[in-house]
Amino acid sequence: MDVDQHMNRVPDYAAFPTVDQMHAELDELAAAHPHLVRLRRIGTSRLGEPLRVATIGAGPHDAVIIGGPHPNEPIGALTVSSLLRRLIDDAWLREEFGYRWHLIPCVDPDGARLNEGWYVRPGDRRAYAEHFYRPCEADQVEWTFPLTGEGYTFDRTLPETEALMGLMDEVRPSFVYSLHNGELQGAFYYLSRNEPGLAAALTTIAAGQGLPLHMGPPEVPSATRIAPAAYVTPRGAELGEIYGIGGGSVDYADRFGALHLVTELPYWADPRVSDETPTGQTYGEVISTYLTGQRALIAELRQSLAKADSELTVRSPFRRALEDFLGTHDDYISEWEDYPGADRPATVAEVVGKEQLKHSMRLRYGGMCLRLLDAELAAGNPAPAIRAERARVKALFDAWFTEAESDFSATPIPIRTLVAVQLGAALLAAEAAKASAPARGATPSPPGDSARSGDRMLSTAPASHEIAP
């Protein structure tokens, strides 16, 4: 397949869509192409938003594409839009490539609405920090799939996660794609299987679009590298107990033998994140400096919550996210303290990666702390402790932002470039998944899964224009 031809057709985008705009586009495309696009509701969010999937294609394999698995990661909504439009326009891709596609533009609409203040101002780092929201770990759709293991069980699945589980139970996918992005790290991938050839092809398309590859510290210390900027996806069994989370969408995709892909892309490009030149510091020194900064951030946020705690009245998702960050980060820090082989020279990418992560965490959680306190003031609660902490945290946030900007040499990446890479990766991985996946209906249910699948089986009627409220 000529993946470039599809990547080259991705249009320019000025902003990320709001949740209402995502729904409106689905309605428009389904109404305009009733014989190609089937649109239906597969669940309801915690706050009552419809969760909808667009199904298109006639191949013997099924692909589930998950947009917005974290609400501060909206590139996937546009990737879903672009892929859906390519499938409508290209009969070969729709009918001959071999897939029936199930496309979800945003699986956490509640959280997405809390980020819309910066969706319309992409590239503005201050707007991003001031309007940022990321749920606590146990409220993240991506990491609340059921998990049972020795000494640890997670069964607090969210309604949004249940909707994804039901869809996968129904279609038994060969390919599952979770569309992620970060901020200032380079481009990198997670694959559920160790496939060096596919990993190399994926990093090639990112580099071909001018994106720096992520050659700095891995997101997870224990991550197994397949190739430069590509890792085996960590499973819930490795991470669950540390962070109090469940399995990931990869764990559920494993039930069906599906290839699972995560594409992680930055908003801003900094070539230093790919620079493997050794520096005069050891990697252990770099890690130690970063952890010192993290502990200082945690201390400041703990102080604010302690001083304001007795005066807080608003039931706020920002408070829950902050408390979770403060409660779990000691475990995260301990993982890095035990990092093996840290006496070697650190690379430029590793130094820059840890420094930018320090800035990112300050601005993310400082911004959410301000939103927590502003919500109290907006609700008519100008208690002295609230006002004092709001002023103190604002001064800290401004100082942190100034420091981050002084070390900021990155440039905003055009949105179309990010979408093109995610779309190209979808097609490359889907092609690879066909090689080892049986066609629809060719295999029996995995052990222990038939009862669950039968309990939640959804309609598998032929595609039609079907819009649920």
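**Figure 1. R86 and its contacts in the predicted model.** This is a predicted model, and the first close-up sits on R86, which reaches H6, R9, L93 and L423 once neighbours within four places in sequence are left aside. The residue belongs to helix α3, which runs over residues 75-89. With a relative accessible area of 7%, R86 is buried, since the cut-off for that label is under 20%.

**Figure 2. L83, on helix α3 as well.** Here we're looking at L83, which lies in helix α3. At 2% relative accessibility, L83 counts as buried. What does L83 touch, not counting residues up to four places away in sequence? The list is I65, W101, L103, L423 and L427. L423 turns up among the contacts of R86 too. There's also a long hop along the chain to look at: L83 and V419 are 336 residues apart in sequence, yet their C-alpha atoms are separated by 9.4 Å.

**Figure 3. L36 and I88.** L36 is found in the loop that joins α2 (19-32) to β1 (38-44). Is L36 buried or partly exposed? Its relative accessible area is 22%, so L36 goes down as partly exposed; the buried label would need a value under 20%. L36 pairs up in this view with I88: the two are 52 residues apart in sequence, and 7.1 Å apart in space when taken C-alpha to C-alpha.

**Figure 4. H23 on helix α2.** H23 is found in helix α2. Which residues does H23 touch, not counting those up to four places away in sequence? They are E49, P50 and R52. H23 has a relative accessible area of 17%, and that makes it buried, because the label covers values under 20%.

**Figure 5. Aromatic pairs, with Y99 and W101 up front.** The count of aromatic pairs comes to 23. In the pair made by Y99 and W101, the ring centres are 5.3 Å apart and the planes meet at 40°, so this one is tilted. Both members are tucked away: Y99 counts as buried at 0% relative accessibility, and W101 is buried with a relative accessible area of 0%. W101 is also one of the residues that L83 touches. For a second geometry, have a look at Y252 and F256, an edge-to-face pair with 5.9 Å centre to centre and 65° between the planes. Y252 and F256 are both buried.

**Figure 6. A cluster of aromatic rings.** Which residues do ring pairs link into a cluster? The members are F16, W118, Y119, Y128, F132, Y267, W268 and F408.

**Figure 7. Two residues with positive phi.** Most residues other than glycine have a negative phi. R172 goes the other way, with a positive phi of about 50° although it isn't a glycine. You'll find R172 in the loop between α8 (159-171) and β7 (175-181). At 23% relative accessibility, R172 counts as partly exposed. A229 is another non-glycine with a positive phi, near 65°. A229 sits in the loop between β9 (225-227) and β10 (230-232). Is A229 buried or exposed? A229 counts as buried, at 0% relative accessibility.

**Figure 8. Stepping back to the whole chain.** The close-ups all come from a chain with 17 helices and 15 strands. Its radius of gyration is 22 Å, close to the 23 Å that the globule rule gives for 469 residues, so the chain is as compact as a globular protein of that length. Along its principal axes, the C-alpha trace spans about 60 × 55 × 50 Å. Of the 469 residues, 58% count as buried. As for contacts with a separation of 6 or more, 84% of them are between residues 24 or more positions apart. The accessible surface of the chain comes to about 17700 Å², and carbon and sulfur atoms own 52% of that. On the charge side, there are 43 positive and 64 negative side chains, and the centres of the two sets lie 3 Å apart.

Technical notes
Residues numbered from 1 in each chain as written. Predicted model: local features only at pLDDT ≥ 70, side-chain atom pairs only at ≥ 80, totals over all residues. Heavy atoms only, no water. Helix = DSSP H or I, 4+ residues; strand = E, 2+ residues; numbered from the N terminus. Rg over C-alpha atoms; globule rule 2.2 N^0.38 Å. Buried < 20%, exposed > 50% of the residue type's maximum accessible area, 1.4 Å probe, protein only. Contact = heavy atoms within 4.5 Å. Areas by Shrake-Rupley, 256 points an atom, 1.4 Å probe, with all protein chains shown as cover. Lys, Arg positive; Asp, Glu negative; His and termini not counted. Charge placed at Lys NZ, Arg CZ, Asp CG, Glu CD. Phe/Tyr/Trp six-rings, centres within 6.5 Å; stacked < 30°, edge-to-face > 60°.
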